[in-house]
Amino acid sequence: MSNIFNAKTGTAASEDLPVQNSDSHWVNPTIKNPYGGGPNTGITLPPYYRPTPSLKNNNVYFPGMEELGDDEMRISFIGSTPIPVTRAQAGTCIMVELGNGKRFFFDFGSGCMRNIIAMSVPLTMVNDIFFTHLHVDHYADLPYLYAFAPWMGRWKPLRVHGPSGRTSRDGIKQMIEGMKMMTHWHTDSFNIMPIGDGYEVEVNEFDFRDDNGICYQQDGVTIRHWRRSHAKDGASAYRLDWNGLSFVYTGDGRPDELTVQLSQKVDVFVSEVQPDTSNLQSLKFGVPTVLATTTIDSAHSLHYAVGYMFKQIQPRLAMVTHTSYDEELVPEIVAGIRTHWNGLFQFGAPDVVVVNVTKDAIWTRKAALPESGNLRQPSAREAIELFDLSPLKTEIVFPNTKHTVLDIQEPFIRDQEIDPKKYYPPDVYREPNPIFPANFKIDMKTMIGEKIAQAVKSKFEGIKDNIQGLKDKLQGE
Ligand SMILES: [Zn+2]
Ligand SMILES: [Zn+2]
């Protein structure tokens, strides 16, 4: 964190405008408002609020057009509301991408999949989802991902992480078993296609009471969890640490001391927020005020409380999400937060706010999302991970299907199918074959060989002999 400027005490009173030196570092250590305007003009943006070097466009994040810096964290608010889901806001879901190539998801609410697709993330690469708790607004799109990603080529298990509950019925393992039952017809029918282990789920159910326990540690990434007070036992907050950068997401819950203690001086602190405006909500939704106040008082954090927690925690960037982004309420939320907190604050709503974080800089933008963006294929680097490619393994071997239509469909209805010769123009006739071929392979030489070869080469640079072997193989024996 830059210490040339203290946003909290802001003792300087210079009228000087800030200047930037050639490498874009703010150099005036005394100025209160580095963006122009006089001191005490209410601007709370600190000098480290500026673009990181990897950005291609400082105002808009164009999905798929920007490489994340090696030392950088990118946090995208894929979905940002509990209820209602709207065209502007999907159910809560936060994607965290790291400069080491790792990608994590925190919650997976209703409608987040269409924003993930619009963010140009291949469905096959959506994995390692951490659930704060099992309210449906935090997991509604999981069955959809579960059902379709294996068909796209993720033939490996889905990996999910989440808390246990007070009884075995209340934990994430039980929820996943329920999802498997609910999707049985779907998965059974899709098993006429290559699926491999795609419908297996590796469930990391951790003890919800193990406050500050580690629930993930791999590739320099550590993720910890702790309890949140959210109506029922089994709600958690998460903290991710990597490369000296940190991110906390509270999930849902009441303001609490544990979160203050375990989030101290985190880089990006994200809380849920609920404005204390039950009378207004009762006018809008037609529900009695007591319904809203009781919901808040048993389960959620008021805007005042969130500001209070920010002040205790002192993050570099304080954010709120999981809130219906009603423009008439935004000033109220800000006013409540500013009662306590005068540091850097931004909304993680509506969809999709993108935050880039390095040790020197933090920057927020909105993503430009296509209305009908289509599925993106995995990059060469992603394909290596997905299909376990290496210099010695350059073929993509499709798993054999579990069964065929003959096993799961009675002949009667298939016999009712119209003879295709009646609708195919004769010159393009192709005899339908509903059985996927056994032992099917893709030869990379003819597919995406050169790209993959380059990526394999850079990943396995040390293994020179093998690389030579791969080159020979790809250039054709
Ligand atoms: Zn919620
Ligand atoms: Zn909840």
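I will go through the fold of this chain, beginning with overall figures and then taking its two sheets and one pair of helices in turn.

Please keep in mind throughout that this is a predicted model. The secondary structure of the protein chain comes to 14 helices and 18 strands, and of the 477 residues in the chain, 38% are buried. If we take the contacts between residues at least 6 apart in sequence, 68% of them join residues that are at least 24 apart.

Let me start with the sheet of nine strands, which is open, has mixed pairing, and follows the order E1-E16-E15-E2-E3-E4-E5-E6-E7. At its edges stand strand E1, residues 60-61, and strand E7, residues 201-206, and because each has a single partner strand, one side of each is left without a neighbour in the sheet. Strand E7 runs parallel to strand E6, residues 158-163, and six bridges join the two; within this pairing, histidine 161 has asparagine 204 in E7 as its bridge partner. Helix H3, residues 172-182, packs on the sheet here, where it touches both E6 and E7, and the direction of H3 makes about 155° with that of E7.

Staying with this sheet, I would like to look at strand E3, residues 93-98, which is mostly covered, given that five of its six residues are buried. Strand E3 pairs in the antiparallel sense with strand E2, residues 73-79, over six bridges, and it also pairs in the antiparallel sense with strand E4, residues 103-106, over four bridges. Which residues stand opposite methionine 95? Serine 76 stands opposite methionine 95 in E3, and methionine 95 in turn stands opposite phenylalanine 105 in E4. The connection from E3 to E4 is a hairpin with four residues between the strands, and in the turn glycine 101 has a positive phi of about 95°.

The other sheet I want to describe is also open, with seven strands in the order E8-E9-E10-E11-E12-E13-E14 and mixed pairing. Its edges are strand E8, residues 213-218, and strand E14, residues 345-347; each has a single partner strand, so one side of each is left without a neighbour in the sheet. On average, and with direction ignored, neighbouring strands of this sheet are turned by 15° against each other. Inside the sheet, strand E10, residues 236-242, pairs with strand E11, residues 245-249, in the antiparallel sense over five bridges, and leucine 240 has phenylalanine 247 in E11 as its bridge partner. Helix H8, residues 303-313, packs on this sheet and touches strand E12, residues 268-272, and strand E13, residues 317-321, while the direction of H8 makes about 160° with that of E12.

Helix H8 also brings us to the last item, its packing with helix H9, residues 330-338, at an angle of about 40° and with the two axes 7 Å apart. Are H8 and H9 parallel or oblique to each other? The two helices are oblique, because their angle falls outside the ranges that count as roughly parallel, antiparallel or perpendicular, and their crossing is right-handed. On the H8 side the contact involves His303, Tyr304, Val306, Gly307 and Phe310, and these meet Glu332, Ile333, Gly336, Ile337 and Arg338 in H9. Sorted by class, the contact of H8 with H9 has five nonpolar, three polar and two charged residues.

Note on methods. Residues are numbered from 1 along each chain as its sequence is written. Chains are lettered from A and ligands numbered from 1 in the order in which they are written. This is a predicted model: local features need pLDDT of at least 70, side-chain atom pairs count only at pLDDT 80 or more; totals for chains, interfaces and linings use all residues. Two strands pair if DSSP finds at least two bridges between them. Axes are lines fitted to C-alpha atoms, for helices over the stretch in contact, and angles run from 0 to 180 degrees between N-to-C directions. Two residues are in contact if their C-beta atoms, placed from the backbone, lie within 7 Å. A residue is buried if 20 or more other C-beta atoms lie within 10 Å of its own, exposed if 12 or fewer, and partly exposed in between; C-beta atoms are placed from the backbone. Angles under 35 degrees count as roughly parallel, over 145 as roughly antiparallel, 65 to 115 as roughly perpendicular and the rest as oblique. A crossing is left-handed if the near helix is turned anticlockwise from the far one by less than a right angle, and right-handed if clockwise. Ala, Val, Leu, Ile, Met, Phe, Trp, Tyr, Cys and Pro count as nonpolar, Asp, Glu, Lys and Arg as charged, and the others, Gly among them, as polar.
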